[in-house]
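User: I am a first-year student and would like a close look at one part of this structure. Please take the second largest pocket and the parts of the chain around it, and explain them step by step.

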Amino acid sequence: MDEDISAINTSTRNERIKNFFINNKKRIIILLSILILIIISYFAFDEIKKRNELKIANQYNNSKINFFSGKKLNVEKEMIEIVQAKDKTYSPLALYFLIDNKIINSNEKINSLFDNVIDNKKLDKEIKNLIIYKKALYNADFDTENKLLKILNPIINSDSIWKSHALYLLGEYFLSKNEKQKSKEFFEKILILKNSNTKIKLKAQRRIQRDFSE
């Protein structure tokens with residue numbers, strides 16, 4: 001008797017499942033089609049992304065080769081295109097290449113390219129802080145105190161691993177201006193900072209002992 005009831009229940013359940021698929025055939029087909037489309041789109045997007053990254057990498061390497069082989073005509077244009085592509089690896093490298101090889105002499109243009117790279121939301125937080133620090137380092141020789149502090153504020157007001165570097169840069173900046181009290185304050189902040197870079201902390205200690213000891 002129990003076996004008969006079990007067989008009936010199984011048959012009823014199978015019939016319900018069959019009817020569900022029959023009654024919802026169009027919806028199921030649509031949902032499956034959407035799911036397949038999403039999967040295809042994901043892999044297609046990933047493939048396009050990889051191809052774009054490879055294209056940018058090749059463009060960067062080719063531009064470097066052309067520059068060092070004397071074919072410098074289009075290097076500036078090509079490197080700027082890489083910077084503006086907002087690639088998290090090659091955009092910063094292209095910017096540094098332009099600066100290191102003095103391809104662009106306009107400070108305004110370089111700062112605009114720095115901002116372009118910094119605005120890239122794909123960048124890791126500490127990579128972005130490193131680029132901000134490098135922007136400040138670039139500007140330290142000619143910018144005003146207020147502008148330099150404005151550039152470095154995002155790092156100084158955070159727990160970034162680059163904070164001690166930023167403080168040391170400001171200490172050196174004010175020392176070069178013969179503003180010793182301000183300079184000393186920044187060096188001292190490095191000494192009490194919990195996550196100070198060991199080498200930077202040692203340099204700050206030596207600077208205080210050498211230039212501020214009475």
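Analyst: The second largest pocket holds about 180 Å³ of space. The model is a predicted one. The pocket is lined by Asn111, Asp115, Ile118, Ile132, Lys135, Asn139, Asp143, Lys147, Lys150, Ile151 and Pro154.

Which helices supply at least two residues each of this lining? They are H5 (107-118), H6 and H7. H7 gives the largest share of the lining, with 4 residues. That makes H7 a good helix to follow from here.

Helix H7 covers residues 145-156, which is 12 residues. Its end C-alpha atoms are only 14 Å apart, whereas a straight helix would reach 16 Å at 1.5 Å a residue.

Next comes the question of which residues of H7 are buried. They are Leu148, Ile151, Leu152, Ile155 and Ile156. These residues lie on the same side of H7, because they cover an arc of only 140 degrees around the axis. A general rule helps here: an α-helix has 3.6 residues a turn, so residues three or four places apart point the same way.

What does the buried side of H7 pack against? Its buried residues pack against helix H6 (125-139) and H8. The face turned away from the buried side carries the exposed residues Asn146 and Lys150. Two residues of H7 can now be placed twice. Ile151 is buried and is also part of the pocket lining. Lys150 is exposed, and it too is named in the lining.

H7 also leads to the nonpolar core. Leu152, one of the buried residues of H7, is among the residues with the most contacts inside the largest nonpolar core, together with Met79 and Leu98. That core has 50 residues. Helix H8 (residues 163-176) gives the most to the core, with 8 residues. H8 is also one of the helices that the buried residues of H7 pack against.

Leu98 shows what such contacts look like for a single residue. Leaving aside neighbours within four places in sequence, Leu98 is in contact with Glu76, Met79, Ile80, Val83, Ile103, Ile104 and Leu113. Met79 appears in this list and is itself one of the residues with the most contacts inside the core.

Finally, the setting. The protein chain has 10 helices and 0 strands. Buried residues make up 33% of its 214 residues. Among contacts between residues at least 6 apart in sequence, 49% join residues at least 24 apart.

Methods
Residues are numbered from 1 along each chain as its sequence is written. This is a predicted model: local features need pLDDT of at least 70, side-chain atom pairs count only at pLDDT 80 or more; totals for chains, interfaces and linings use all residues. Side-chain values use heavy atoms; hydrogens and water are left out. A nonpolar core is a set of buried Ala, Val, Leu, Ile, Met, Phe, Trp, Tyr and Cys residues joined through side-chain atoms within 4.5 Å. Buried means under 20% relative accessible area, exposed over 50%, partly exposed in between (1.4 Å probe, protein chains only). Contact means heavy atoms within 4.5 Å. The expected span of a helix is 1.5 Å times one less than its number of residues. The arc is that of the directions from the helix axis to the C-beta atoms. On a 1 Å grid over the protein atoms alone, a cavity is a set of points where a 1.4 Å probe fits but cannot get out, and a pocket is an open set with protein on both sides within 12 Å along at least five of seven lines; lining residues have an atom within 4 Å of a point. Grid points are joined across faces, edges and corners, and a volume is the space filled by probe spheres set on the points.
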